[in-house]
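Subject: Structure for you to look at

Hi,

Here is the structure I said I would pass on. Have a look at it first, then read my notes underneath.

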Amino acid sequence: MAGGVRLVILGRQGAGKGTQCLRLARHYAVPHVSAGDMLRAMHKSGSELSRRLAKFMRAGELVPDDVVIAVVAHRLDQDDIIHEGFILEGFPRTAAQAEGLSELLAPEDIDLCIDLEVSAEVVLARLSKRRVCQDCSTIYSVDRPPRIDWSCNVCGGDVVQREDDTELAICRRLELYAQETEPLIAWYLARDKLVVVSGSGSPDTVTTRLVRAVNHRRAPRRKAES
Ligand code: AMP
């Protein structure tokens, strides 16, 4: 096992965060925590709150901070996360959420925040082609479909286009990323936690770059601990 890490992955929608977070979670043997997946799972409960959240999500709007912070706080309090670490995707997305995460983890902190950088043109093209397994969230593209009739290669679930991968909602999500989430890059840089990694190239190339960046940053800390 490559050993527990606590990572936050930032990056525009379509930068490849979902694919890369699954790979990093496997590599470091730590849980993958996706705020979007947890919010989508709440839809299935059919509660009044989940119907309210679905409206925000379909339109590409951000769900209120207090709701997301509570959902993530609940997950981070579970034993596997406490003992093993996490790969956190889609959270934080606002300054209030970054402060919230810092408070949740205090007196400790994340090891590293990675900004997975891909140009706006590339993410627009990727998002319109993206297809996702409804059950296990494995990501495909119309250029790389599952082997059999839009059934997931991993679990056999239906592979579909996400409700919020419409042109209008994609534009709104990218706009909100620029307004609310991009400032967190400076926030983590000021705390000496930021590494920028290019998300262009094949998935394997990007994973190699990410692992190298994480291991490079962890090495001095390990030396200091020994
Ligand atoms: P994602 O799967 O990360 O693209 O998230 C899908 C949608 O879930 C977003 O467009 C938001 O509506 C909502 N969402 C996910 N994470 C957050 C967050 N940290 N803060 C607010 N809304 C979120």
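Let's start with the ligand and Glu-61: a backbone N or O atom of Glu-61 lies 2.6 Å from one of the ligand's oxygen atoms. Please keep in mind that this is a predicted model, so every value here is computed from predicted coordinates. Two side chains join in on the ligand's nitrogen atoms. Arg-93 brings a polar side-chain atom to 2.9 Å from a ligand nitrogen, and for Gln-97 an N or O atom of the side chain is likewise 2.9 Å from a nitrogen atom of the ligand. With the protein in place, 96% of the 480 Å² of accessible area that the ligand has on its own is covered.

Zooming out a little, there are 16 residues around the ligand, and the ones that come nearest are Glu-61, Gly-90, Arg-93, Gln-97 and Arg-162. If you sort that shell by class, you get seven nonpolar, three polar and six charged residues. Which helix gives the largest share of the shell? That would be α2 (residues 35-43), with four residues.

Next, the aromatics. The count comes to one aromatic pair, and the partners are Trp-187 and Tyr-188. Their rings sit 4.9 Å apart, centre to centre, with 80 degrees between the planes. The pair is edge-to-face because that angle is over 60 degrees. Are these two buried or exposed? Both Trp-187 and Tyr-188 are buried. Trp-187 has another partner worth a click: the charged end of Arg-191 sits over the ring of Trp-187, at 3.6 Å from the ring centre.

On to the backbone. Most peptide bonds are trans, and most residues other than glycine have a negative phi. Here are the exceptions I would like you to check:

- Phe-91 and Pro-92 are joined by a cis peptide bond, with omega at about 0 degrees. Pro-92 is in the loop between β3 (86-89) and α6 (95-105).
- Ala-106 and Pro-107 are also linked by a cis peptide bond, and omega is about 5 degrees there. You will find Pro-107 in the loop between α6 and β4 (112-117).
- Trp-150 is not a glycine, yet its phi is positive, near 55 degrees. Trp-150 lies in the loop between β6 (139-141) and β7 (159-160).
- Asp-192 is another non-glycine residue with a positive phi, about 55 degrees. Its place is in the loop between α9 (183-190) and β8 (194-198).

Why does Trp-150 count as partly exposed? Its relative accessible area is 32%, and partly exposed covers what falls between the 20% and 50% cut-offs. Asp-192 counts as exposed because its relative accessibility is 57%, and the cut-off for exposed is over 50%.

One last residue, Ile-82, which sits in helix α5 (residues 79-84). Ile-82 counts as partly exposed because its relative accessibility is 46%. For a sense of distance, Ile-82 and Leu-124 are 42 residues apart in sequence, and their C-alpha atoms are 36 Å apart in space.

If you only have a few minutes, I'd go to the ligand contacts of Glu-61, Arg-93 and Gln-97, and then to the cis peptide bond between Phe-91 and Pro-92.

Let me know what you think when you have had a look.

Cheers

Definitions and conventions: Residues are numbered from 1 along each chain as its sequence is written. This is a predicted model: local features need pLDDT of at least 70, side-chain atom pairs count only at pLDDT 80 or more; totals for chains, interfaces and linings use all residues. Side-chain values use heavy atoms; hydrogens and water are left out. A residue is near a molecule or strand if one of its heavy atoms lies within 4 Å of it. A polar contact is a pair of N or O atoms within 3.5 Å; within protein, one must be able to donate a hydrogen and the other to accept it, and residues adjacent in sequence count only if both atoms are side-chain atoms. Accessible areas come from the Shrake-Rupley method with a 1.4 Å probe; for residues, only the protein chains shown count as cover. Helices (H or I, at least four residues) and strands (E, at least two) are DSSP runs, numbered from the N terminus. Ala, Val, Leu, Ile, Met, Phe, Trp, Tyr, Cys and Pro count as nonpolar, Asp, Glu, Lys and Arg as charged, and the others, Gly among them, as polar. Rings of Phe, Tyr and Trp (its six-membered ring) pair if their centres lie within 6.5 Å; planes under 30 degrees apart count as stacked, over 60 as edge-to-face and the rest as tilted. Buried means under 20% relative accessible area, exposed over 50%, partly exposed in between (1.4 Å probe, protein chains only). A charge sits over a ring if NZ of Lys or CZ of Arg is within 6 Å of the ring centre and within 35 degrees of the ring normal.
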